[in-house]
Protein chains: 2
Amino acid sequence: MYEVYFESFKNRISLTDEEEALIKNHLSVKKIRKRQYLLQEEDPCRHIAFVEKGMLRSYTVDKNGTEHILQFAPEGWFIADLYSFLAEEPSSYNIEAVEDSELVLISRPAYNELLKTSPKYLEFSHNLVTNAYIAMQRRINDLHERSIEERYADFISRYPQIINRVPQHMIASYLGLTPETLSRVRRRMVSPG
Amino acid sequence: MYEVYFESFKNRISLTDEEEALIKNHLSVKKIRKRQYLLQEEDPCRHIAFVEKGMLRSYTVDKNGTEHILQFAPEGWFIADLYSFLAEEPSSYNIEAVEDSELVLISRPAYNELLKTSPKYLEFSHNLVTNAYIAMQRRINDLHERSIEERYADFISRYPQIINRVPQHMIASYLGLTPETLSRVRRRMVSPG
DNA sequence: AACATCCCTTGATTTAAGTCAATAGATTTT
DNA sequence: AAAATCTATTGACTTAAATCAAGGGATGTT
């Protein structure tokens, strides 16, 4: 427990043992089974989750009942509805385990306290969210200007650790396609012509 | 100069006069004419710009020569290619003034120094980028699950200060549509039937 | 004032992706 | 082992948006 979390932390920001102990005091641990919810739409998001092991996904369900996946979070990634977490509003999406998973959680009170008391944690959080912002912006640009072939090829090369662990229709949903369309795109790609 | 910047700052984080003076020392000011570039693709992004007055936009140009607008930044907003700024890599998009504008700039050395020396600035930056991240995530979800009518209606209600200041084809580009399609969507919306 | 450029709209047509439906292979559950 | 559910593929068809093309109104420039 906490191994992956602090490895990821120290890769960005150095930590003394005291600092690490302080931070660890504000965290907790949770195991979660495949298909189990960490967060359901309309519930307030009470934790930011870091994935030590396994994989989670966040998604919305539109009025037709179709799911739209916002994010996959494999080992070493964070996942939460940050808006709900910070504003204490009902969440607008669901977070669910795609595999049996082990999580490191931080609650909002612990988060706020750490931001105040631990400059290193503030730095770490700043670093994380900046990277997440950059990734999101790139994704919007991809949605705007790249063909679905390109987007799928990119996904494969960027996230090889995800592609073989989730069903294909979830990749389609992440990319904003129907499963049928992704299936046809794949056929077009293997036998070009 | 700096009025809008520090108003925005103090709305989030309190500042003593000394803290404000320290931060101001790390900033500079720039005026820029309509259609002038602040940043061109392939150049490294050397500043984060805060818009005091006027409006900027960031966009990419695809292989067909079509522009795709990533962001509008009217008064009170920030704009930069953060990836390029932080990684010192060539920028992958352009930033240009949509109107004559006044900017407050921070360079990367000044930014890094302020993050180290001014806890308030780190807090401010953390706050800003967190909000920007939340907004980006919402936008991806909109691209996935909402119709173009809804997206356009949303844009109007969310950004009334932008809608009447930029040509319609730029709104189309921001929303990921052709100008023709947006024109037809508008017609459908005014006379429903 | 004349010219050029930019901007928006509209029509006709093409194209890409979605929808609906069926099937078959995997995997999970009982 | 059988039943049920989930998953991926494929075909036929529909639909929504892009593309191509033209025209007219604004706006800006010399």
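**View 1. Polar contacts between chain B and chain A.** Across the interface of chain B and chain A in this predicted model, 12 residue pairs are in polar contact, both partners being at pLDDT 80 or more. On the side of chain B that touches chain A, two or more residues come from each of β4 (55-61), β5 (67-74), α3 (82-87), α4 (108-117), α5 (119-145) and α8 of chain B. Among these elements, α5(B) gives the most, with 18 residues. By class, the residues on this side of chain B are 19 nonpolar, 11 polar and seven charged.

**View 2. Salt bridges between the two chains.** Two salt bridges are counted between chain B and chain A. One of the residue pairs joined in this way is A:Glu150 with B:Lys63, whose closest N and O atoms are 3.0 Å apart.

**View 3. Buried area at the contact of chain B and chain A.** The contact is made up of 37 residues from chain B and 37 residues from chain A. Between them the two chains bury about 3200 Å², and 69% of that area lies on carbon and sulfur atoms. Of the area that chain B buries against chain A, 22% is supplied by B:His126, B:Tyr133 and B:His144, more than by any other three residues.

**View 4. Relation of chain B to chain A.** A turn of 180° with a shift of 0.0 Å along the axis lays chain B on chain A with an RMSD of 0.0 Å. This is the relation of a two-fold axis. Both copies use the same surface, as 100% of the contact residues of chain B recur in chain A.

**View 5. Surface near DNA strand C.** Around DNA strand C there are 15 residues, of which A:Thr181, A:Arg184, B:Gln168, B:Ser183 and B:Arg184 come nearest. At least two residues of this surface are supplied by each of α9 (179-190) of chain A, α8 (168-175) of chain B and α9 (179-190) of chain B. The most, five residues, come from α9(B). The surface near DNA strand C holds two nonpolar, six polar and seven charged residues.

**View 6. Atom pairs at DNA strand C.** Sugar or phosphate accounts for 70% of the atoms of DNA strand C within 4 Å of the protein, and bases for the rest. Two of the side chains shown face phosphate oxygens of DNA strand C: an N or O atom of the A:Thr178 side chain is 3.2 Å from one, and an N or O atom of the B:Gln168 side chain is 2.5 Å from one. At a base oxygen of DNA strand C, the distance to an N or O atom in the side chain of A:Arg184 is 2.9 Å.

**View 7. Surface near DNA strand D.** DNA strand D is surrounded by 16 residues, the closest being A:Gln168, A:His169, A:Arg184, B:Thr181 and B:Arg184. Of the atoms of DNA strand D that come within 4 Å of the protein, 72% belong to sugar and phosphate. The surface near DNA strand D takes its largest share, five residues, from α9(A). Its residues divide into three nonpolar, six polar and seven charged.

**View 8. Atom pairs at DNA strand D.** A phosphate oxygen of DNA strand D lies 3.2 Å from a backbone N or O atom of A:His169. For B:Thr178, a polar side-chain atom is 3.2 Å from a phosphate oxygen of DNA strand D. The side chain of B:Arg184 has an N or O atom 2.9 Å from a base oxygen of DNA strand D. Elements giving two or more residues to the surface near this strand are α8 (168-175) and α9 of chain A, together with α9 of chain B.

Note on methods. Residues are numbered from 1 along each chain as its sequence is written. Chains are lettered from A and ligands numbered from 1 in the order in which they are written. Side-chain values use heavy atoms; hydrogens and water are left out. A residue is near a molecule or strand if one of its heavy atoms lies within 4 Å of it. A polar contact is a pair of N or O atoms within 3.5 Å; within protein, one must be able to donate a hydrogen and the other to accept it, and residues adjacent in sequence count only if both atoms are side-chain atoms. Helices (H or I, at least four residues) and strands (E, at least two) are DSSP runs, numbered from the N terminus. Ala, Val, Leu, Ile, Met, Phe, Trp, Tyr, Cys and Pro count as nonpolar, Asp, Glu, Lys and Arg as charged, and the others, Gly among them, as polar. Copies are superposed by least squares on the C-alpha atoms of residues with pLDDT of at least 70 in both. Contact means heavy atoms within 4.5 Å. Buried area is the accessible area (1.4 Å probe) that two parts lose on being put together, summed over both. A salt bridge is a side-chain nitrogen of Lys or Arg within 4 Å of a carboxyl oxygen of Asp or Glu.
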